[in-house]
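Q: Hi, got a minute to go through a structure with me? I'd like to start with the pockets.

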Amino acid sequence: MPFKTDLTWSDVTPKAQWMSRRKLLAGAGALIAAPTLGGPALASIQAAKSALSTDEAPNSLEDITSYNNFYEFGLDKADPARNAGQLTTDPWSVQIDGLVDKPGSYDLADLLAGAPLEERIYRFRCVEAWSMVIPWIGFELSHLLARVGVQSGARYVAFETLVRPEEMPGQRSAILDWPYREGLRLDEAMHPLTILATGLYGEAMPNQNGAPIRLVVPWKYGFKSIKSIVRISLTAEQPQTTWNMQNAREYGFYSNVNPTVDHPRWSQASERRVGGGLFAGRVDTQMFNGYADQVVQLYAGQDLAKDF
Ligand code: MTE
């Protein structure tokens with residue numbers, strides 16, 4: 001896995017285009033975040049820091065936007081920053097269906113209307129044993145689920161990413177069974193730590209991080225945090241998920257961060273903090289990525305070696 005620090009987001013996108021788009025999206029966010037303020041749209045998303053944030057220092061914007069996994073744009077960590085600028089994120093709508101009272105195709109602006117945006121600084125642990133600290137802007141998924149009305153038979157939430165091979169070069173080959181799919185049990189989806197993120201570092205989401213809207217579930221391996229979501233379905237049955245479909249022995253449905261359950265091909269006991277240098281940043285991995293106090297009760301009675 002090459003670790004590249006030479007590319008930045010602004011290197012791959014003309015600066016003017018990058019700024020104007022971000023201002024546009026961030027402005028919409030600012031109005032949503034502070035509807036009583038009125039006045040002109042602000043240049044950044046005004047969102048108070050949530051008490052659910054970690055005190056750890058965030059990684060740099062450069063780390064967060066230049067070292068990514070987003071296979072729709074290629075396999076290399078530098079590919080998303082290089083290729084994701086092509087993705088058109090406006091207009092954007094999300095299909096919400098299955099066991100909900102108000103199914104439909106929701107325009108992103110409708111979806112965000114009234115959403116209580118906050119800054120959530122979360123530890124983020126990838127299954128490949130690297131980690132970062134990321135200052136997301138987002139709102140609790142439970143807020144959206146309450147709005148669309150979850151029906152009593154629903155037990156899981158399924159998510160899908162956009163399929164658009166014209167703009168997503170990785171989708172021109174069958175490296176994964178597109179669309180990228182993820183899923184949560186309903187109680188995991190309703191947990192206050194689970195957010196839909198629309199930005200980071202106080203600005204609209206960079207394309208390589210999953211613009212315009214992605215999931216973040218901080219106690220699970222990073223691949224559960226699906227990017228560029230176009231569909232959310234409430235289901236009775238456990239949904240299929242991309243990495244589990246790809247290799248069920250290596251990637252379970254739950255994929256909770258667990259230093260005591262190794263990946264069949266490598267240890268999960270420690271992780272490399274991106275930006276800390278190749279060897280300098282190695283730290284012990286914490287159970288549930290350090291969020292055990294908040295989430296352990298979700299798995300009471302489950303064998304986490306079996307339900308990995
Ligand atoms: N979502 C989609 N649609 N496609 C992907 O390839 N990669 C996952 C996850 N979400 C991925 C995705 C993986 S493996 C990780 S570690 C995180 O996104 C990386 O998020 P980041 O690039 O914002 O750090």
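Q: How do the residues lining the largest pocket divide into nonpolar, polar and charged?
A: The lining has 20 nonpolar, six polar and six charged residues. Here Ala, Val, Leu, Ile, Met, Phe, Trp, Tyr, Cys and Pro count as nonpolar, Asp, Glu, Lys and Arg as charged, and the others, Gly among them, as polar. Before we go on, this is a predicted model: local features need pLDDT of at least 70, side-chain atom pairs count only at pLDDT 80 or more, and totals for chains, interfaces and linings use all residues. Residues are numbered from 1 along each chain as its sequence is written, and side-chain values use heavy atoms, with hydrogens and water left out.

Q: Thanks! Which residues lie nearest the centre of that pocket?
A: Asn69, Phe70, Tyr71, Cys126 and Phe223 do, out of 32 lining residues. A pocket is an open set of points on a 1 Å grid over the protein atoms alone, with protein on both sides within 12 Å along at least five of seven lines, and lining residues have an atom within 4 Å of a point.

Q: How much space is in there?
A: About 540 Å³ in the largest pocket. That volume is the space filled by probe spheres set on the points, with grid points joined across faces, edges and corners.

Q: And which strand gives the most to the lining?
A: Strand β4, residues 130-140, with four residues. Helices (H or I, at least four residues) and strands (E, at least two) are DSSP runs, numbered from the N terminus.

Q: How many of each are in the chain?
A: Nine helices and 12 strands.

Q: What about closed spaces: how many cavities of 30 Å³ or more are there?
A: One cavity, where a cavity is a set of grid points at which a 1.4 Å probe fits but cannot get out. The largest cavity holds about 170 Å³ of space. Tyr221, Ser255, Asn256, Val261 and Phe308 are the closest to its centre among 18 lining residues. By class, the lining of the largest cavity has nine nonpolar, six polar and three charged residues.

Q: Ser255 caught my eye. What is its phi?
A: About 50 degrees, a positive value although Ser255 is not a glycine. Ser255 sits in the loop between α8 (242-246) and β11 (270-273).

Q: Is Ser255 buried or exposed?
A: Buried, because its relative accessibility is 4%. The cut-offs are under 20% relative accessible area for buried and over 50% for exposed, with partly exposed in between (1.4 Å probe, protein chains only).

Q: And where is Ser228?
A: In the loop between β9 and β10 (229-235). Ser228 has a positive phi too, near 45 degrees, and counts as buried at 0% relative accessibility.

Q: New topic: which peptide bond to Pro179 is cis?
A: The one from Trp178, with omega near 0 degrees. Pro179 is in the loop between β5 (156-161) and β6 (181-185). The bond from Ala211 to Pro212 is also cis, with omega near -5 degrees, and Pro212 lies in the loop between β8 (203-204) and β9 (214-216).

Q: Last one: how do the side chains along β2 point?
A: They alternate in β2 (residues 104-107): Gly104 and Tyr106 point to one face and are buried, while Ser105 and Asp107 point to the other and are not. Strand β1 (residues 93-98) runs antiparallel to β2, joined by four bridges; strands pair if DSSP finds at least two bridges between them. One of the bridge partners is Gly104, opposite Ile96.
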